[in-house]
Amino acid sequence: MHYLLMYELAPDYLARRGEFRNEHLKLAWEAEQRGEIVIAGALADPADYAVLLFTGDSPEVAERFAKADPYVTEGLVQSWIVRPWTTVVGKDAATPVRPE
């Protein structure tokens, strides 16, 4: 199953992220190496949200990531939510559905 971790970024996110970016990226790359994060990044123009795609059996991995992420703990993220995402098209779709 896929899960989207969505961050609503603070207005001063770009100004403050430098201080915490290395620790955040270390946490993210470690999660990727464990096979938890598929892809992740911030939206641009404006940089007001970030989206991280997780794979797993439950939303717990994404929730644990958010709770440990310095962007969250240091207030660069105003709010976050984890949502299940039913992926049906593409080579990495969790539940592929093909036309008949």
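**Exercise 1. Place Asn-22 in this predicted model and decide whether Asn-22 is buried or exposed.**

Solution.
- Step 1: Find the element. Asn-22 sits in helix H1.
- Step 2: Look up the accessibility. The relative accessibility of Asn-22 is 64%.
- Step 3: Apply the cut-off. Exposed means over 50%, so Asn-22 counts as exposed.
- Step 4: Relate Asn-22 to another helix. Phe-65 lies 43 residues away from Asn-22 in sequence, and their C-alpha atoms are 15 Å apart in space.

**Exercise 2. Work out which residues of helix H2 are buried and where they lie around the helix axis.**

Solution.
- Step 1: List the residues. Helix H2 covers residues 60-68, and its buried residues are Val-61, Ala-62, Phe-65 and Ala-66.
- Step 2: Look down the axis. The buried residues of H2 fall within an arc of 135 degrees, so they line one face of the helix.
- Step 3: Recall the helix geometry. With 3.6 residues a turn, an α-helix has residues three or four places apart pointing the same way.
- Step 4: Name the partners. The buried residues of H2 pack against strands E1, E2, E3 and E4 (77-85), and also against helices H1 and H3 (70-73).

**Exercise 3. Describe the largest pocket: how much space does it hold, and what lines it?**

Solution.
- Step 1: Start with the volume, which is about 380 Å³.
- Step 2: Turn to the lining. It is made of 20 residues, and those nearest the pocket centre are His-24, Leu-25, Ala-28, Ala-40 and Gly-41.
- Step 3: Assign elements. Two or more lining residues come from each of strand E1 (2-9), helix H1 (13-33), strand E2 (37-42) and strand E3 (49-55).
- Step 4: Pick out the main contributor. H1 gives the largest share, 8 residues.
- Step 5: Sort by class. The lining has 15 nonpolar, 2 polar and 3 charged residues.

**Exercise 4. Now step back: in what order do the elements of the protein run, and how are its contacts spread along the sequence?**

Solution.
- Step 1: Count the elements. The protein has 3 helices and 4 strands.
- Step 2: Read them from the N terminus: β-α-β-β-α-α-β.
- Step 3: Consider the contacts. Of those with a separation of 6 or more, 70% join residues 24 or more positions apart.
- Step 4: Add burial and extent. Of the 100 residues, 32% are buried, and the C-alpha atoms fill a box of roughly 50 × 30 × 20 Å along the principal axes.
- Step 5: Finish at the surface. The accessible surface is about 6,600 Å², with 53% belonging to carbon and sulfur atoms.

Note on methods
Residues numbered from 1 in each chain as written. Predicted model: local features only at pLDDT ≥ 70, side-chain atom pairs only at ≥ 80, totals over all residues. Heavy atoms only, no water. 1 Å grid on protein atoms, 1.4 Å probe; cavity = no way out; pocket = protein on both sides within 12 Å on 5 of 7 lines; lining within 4 Å. Points joined across faces, edges and corners; volume = space filled by probe spheres on them. Nonpolar A, V, L, I, M, F, W, Y, C, P; charged D, E, K, R; others polar. Buried < 20%, exposed > 50% of the residue type's maximum accessible area, 1.4 Å probe, protein only. Contact = heavy atoms within 4.5 Å. Areas by Shrake-Rupley, 256 points an atom, 1.4 Å probe, with all protein chains shown as cover. Arc of directions from axis to C-beta.
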